[in-house]
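Biologist: I am new to this model and would like a close look at a single part of it. Please choose a stretch, walk me through it slowly, and explain your terms as you go.

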Amino acid sequence: MDLTAIGTFIAALRKEHHLTQEQFGEQLGVTSKTVSRWETGKYLPPAEALQEMSTLFDVSINSLLSGQRLAEADYKASAEENLRDMLHANAFSYKEKLVYYKAKWKKEHRGWICLIYTLLSGLLIAGILTKQILLTVTAVVLFPIGYAWIHNTMMIYVEQRAFDGMGSEKKCAIPMRTLDNRRNLLYDYDTKD
């Protein structure tokens, strides 16, 4: 899969339809910067964007991934190759998605996690200092319950996004610098709704 050829073809199609990068980006729900990255071959557009481009430009997704308009004879030959390349290039393992979304959830909720454990620790210390066994036992029982609640809340968030692929995230483009280094790929989240 030649990202430069794909990008050049997307740029040519955009220009054929007399669209600026900004106008094209608005139609797809991404920024002009993301469109520029696609057109220069730095990023491969996600599947959803390829579907929208296919409809907008009246070309097949296979043609977009080939970087040229395909004749009927070439279409079938390149379809299988493009599909395999696309799946291989964008395939994050389920485990990689879980790690990513767990870290994201923990970062977004670290304040609440600290507050919950601080309150439980305070309850435990108060029970020990006042020698109230009921308060101490309550705190000891609440620690695993708090952990379980935090963990389950996090896993609901993680699984919804990992199974869906993008969850409620904005559209993203996955850089395709090397296929062997997928763990270090960065997401380019658009700031535009």
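Modeller: Happy to! A word on naming comes first: helices are DSSP runs of H or I with at least four residues, strands are DSSP runs of E with at least two, and both are numbered from the N terminus. This is a predicted model, in which local features need pLDDT of at least 70 and side-chain atom pairs count only at pLDDT 80 or more, while totals for chains, interfaces and linings use all residues. Residues are numbered from 1 along each chain as its sequence is written, and side-chain values use heavy atoms, with hydrogens and water left out.

Here is the setting. The protein chain has 8 helices and 3 strands, and from the N terminus on they follow the order α-α-α-β-α-α-α-α-α-β-β. Of its 193 residues, 36% are buried, where buried means under 20% relative accessible area, exposed over 50%, and partly exposed in between (1.4 Å probe, protein chains only).

Let us look closely at helix α3 and its partner, α2. We can come in through the loop between α1 (3–16) and α2, where histidine 18 sits. Histidine 18 is exposed, with a relative accessible area of 72%. It is not a glycine, yet its phi is positive, at about 55 degrees. As background, most residues other than glycine have a negative phi.

Beyond that loop lies helix α2 (residues 21–28), whose axis comes within 8 Å of that of α3 and crosses it at roughly 105 degrees. These axes are lines fitted to C-alpha atoms, for helices over the stretch in contact, and the angles run from 0 to 180 degrees between N-to-C directions. The two helices are therefore roughly perpendicular to each other; under 35 degrees would count as roughly parallel, over 145 as roughly antiparallel, 65 to 115 as roughly perpendicular, and the rest as oblique.

Which residues meet there? On the α2 side they are Gln21, Glu22, Phe24, Gly25 and Leu28, and on the α3 side Ser32, Val35, Ser36, Trp38 and Glu39. Contact here means heavy atoms within 4.5 Å. By class, this meeting of α2 with α3 brings together 4 nonpolar, 4 polar and 2 charged residues. In that count, Ala, Val, Leu, Ile, Met, Phe, Trp, Tyr, Cys and Pro are nonpolar, Asp, Glu, Lys and Arg are charged, and the others, Gly among them, are polar.

Now pause at serine 36, which belongs to helix α3 (residues 32–39). With 28% relative accessibility, serine 36 counts as partly exposed. Its C-alpha atom lies 9.4 Å from that of glutamate 22, and the two are 14 residues apart along the chain. Elsewhere in α3, Thr34, Val35, Arg37, Trp38 and Glu39 are buried. Just after α3, glycine 41 takes a positive phi of about 85 degrees.

For comparison with histidine 18, there is lysine 131, found in the loop between α7 (94–129) and α8. Lysine 131 is not a glycine either, and it has a positive phi of about 55 degrees. At 72% relative accessibility, lysine 131 counts as exposed.
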